[in-house]
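Me: I should like to understand how the descriptive terms for this structure are justified. Please set each value against its definition.

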Amino acid sequence: MNRFMRALTSAVRILLWKCRYGGRLRTSWVQGFDRPHLEIASGAHVQLGERIQNRGDLYLICGGKGELRLGGHVFLNTGCSVSCMEKTVIGDYCKIGNYTVIVDHDHNYRNDGSEFLTGEIVIGSRVWIGANVTILRNTHIGDDCVIAAGSIVKGDVPAGTLYYQKRQTQQTVIARRQP
């Protein structure tokens, strides 16, 4: 599909989303979406920066009173899923690998009050996230980080670090990236 047709298709899709979701969706008209699936609950809000691109299926789900924000120039590869019930923020110029899952809530299996346990996820700018990564609630990833493929991330990852997990020992390693 040439650029003009892709831009036209994207604009029509965004127009339909704006009709469906109204003020709950804030986005620019120029996006590079390929098979996106967007769901926004009645109390939730989604803000999409400029020129977001994806390849293949993309799932953006914002439930409850959630707030989902994607910065400008973010790329999400095939099969990515972002599910938000509290707050999820992805900074500018992030690259996210195939089949990455970002979820700011867990099911409350103890069932001692609410159905879900929620937290926030903040991913800084210029972060590179490898394929098959899972990012869980209460995670903050600083600017300029690299998250290695297959990692499970929960907690704080300082800016400018390489985060990976050794599979033999299930040990998490955070190493300083060299500039």
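Me: What makes strand 9 and strand 14 a pair?
Reply: Strands pair if DSSP finds at least two bridges between them, and four bridges join strand 9 (residues 87-90) to strand 14, the two running parallel. The criterion is therefore met. Within this pairing, V89 stands opposite V122 of strand 14. Strands here are DSSP runs of E with at least two residues, and helices are runs of H or I with at least four, numbered from the N terminus. This is a predicted model, in which local features need pLDDT of at least 70 and side-chain atom pairs count only at pLDDT 80 or more, while totals for chains, interfaces and linings use all residues. Residues are numbered from 1 along each chain as its sequence is written, and side-chain values use heavy atoms, without hydrogens and water.

Me: Why do strand 1 and strand 20 stand at the edges of the sheet?
Reply: The open sheet of seven parallel-paired strands has the order 1-3-6-9-14-17-20. Strand 1 (25-27) and strand 20 (156-157) each have a single partner strand, so one side of each lacks a neighbour in the sheet.

Me: Why is T139 called buried or exposed?
Reply: Buried means under 20% relative accessible area, exposed over 50%, and partly exposed in between (1.4 Å probe, protein chains only). T139 has 0% relative accessibility and therefore counts as buried. T139 belongs to strand 17 (residues 139-141).

Me: Which residues does T139 touch, beyond those up to four places away in sequence?
Reply: With contact meaning heavy atoms within 4.5 Å, T139 touches E120, I121, V122, V153, K154 and G155.
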